[in-house]
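User: I am new to this structure and would like to go through it step by step. Could you take my questions in turn and explain how each answer is reached?

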Amino acid sequence: MTTMTNHVILLQETYQMVECPECRGAGSVEYDVPRPHAGGFNEGYIDTVLGDCELCDGVGEVIQPCTACGEGMSKWDALHGAICSDCRNEEG
Ligand SMILES: [Zn+2]
Ligand SMILES: [Zn+2]
């Protein structure tokens, strides 16, 4: 075991954030809201409203998930690939 530097510990304790794939970093997304037809001569339409992205809570970033187990990745994990340290250990 090598001696860990403060820098490494910091990386291990910080989540790797990536642009939210749902809103592409905007923090808000357009939702489809079906409107019923009104008056009998209108066939109705799909309205769109802008709301907070549910995936990132309007932040625009999400914690990068491990591609193997889905757990949140630390910056340290991300430096070593797309899977978390637990999964990496299992792979050997
Ligand atoms: Zn989002
Ligand atoms: Zn994992």
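User: Which residues make up the largest nonpolar core?

Analyst: This is a predicted model, and in it the largest nonpolar core has five residues. Four of the names are cysteines and one is a valine, and the full list reads Cys20, Cys23, Cys53, Cys56 and Val62.

User: Leaving aside neighbours within four places in sequence, which residues is Cys53 in contact with?

Analyst: Cys53 belongs to the largest nonpolar core, as do Cys20 and Cys23. Once its neighbours within four places in sequence are left aside, the contacts of Cys53 are Cys20, Glu22, Cys23, Gly27, Ser28, Val29 and Gly58.

User: In what sense do strands S2 and S3 pair, parallel or antiparallel?

Analyst: Strand S2 covers residues 28-35, while strand S3 covers residues 45-52. Arg35 has Tyr45 of S3 as its bridge partner, and over eight bridges the two strands pair in a sense that is antiparallel.

User: Does strand S3 lie largely buried or in the open?

Analyst: Strand S3 has eight residues, and the number of them that are buried is zero. Because none of them is buried, strand S3 lies largely in the open.

User: What is the radius of gyration of the protein chain, and what does the globule rule give?

Analyst: The protein chain has three helices and four strands, which follow one another in the pattern α-β-β-β-β-α-α. The chain is more spread out than a compact globule, because its radius of gyration is well over what the globule rule gives for 92 residues, the two values being 21 Å and 12 Å.

Note on methods. Residues are numbered from 1 along each chain as its sequence is written. Chains are lettered from A and ligands numbered from 1 in the order in which they are written. This is a predicted model: local features need pLDDT of at least 70, side-chain atom pairs count only at pLDDT 80 or more; totals for chains, interfaces and linings use all residues. A residue is buried if 20 or more other C-beta atoms lie within 10 Å of its own, exposed if 12 or fewer, and partly exposed in between; C-beta atoms are placed from the backbone. Two strands pair if DSSP finds at least two bridges between them. A nonpolar core is a set of buried Ala, Val, Leu, Ile, Met, Phe, Trp, Tyr and Cys residues joined through C-beta atoms within 7 Å. Two residues are in contact if their C-beta atoms, placed from the backbone, lie within 7 Å. The radius of gyration is taken over C-alpha atoms; the globule rule is 2.2 Å times the number of residues to the power 0.38.
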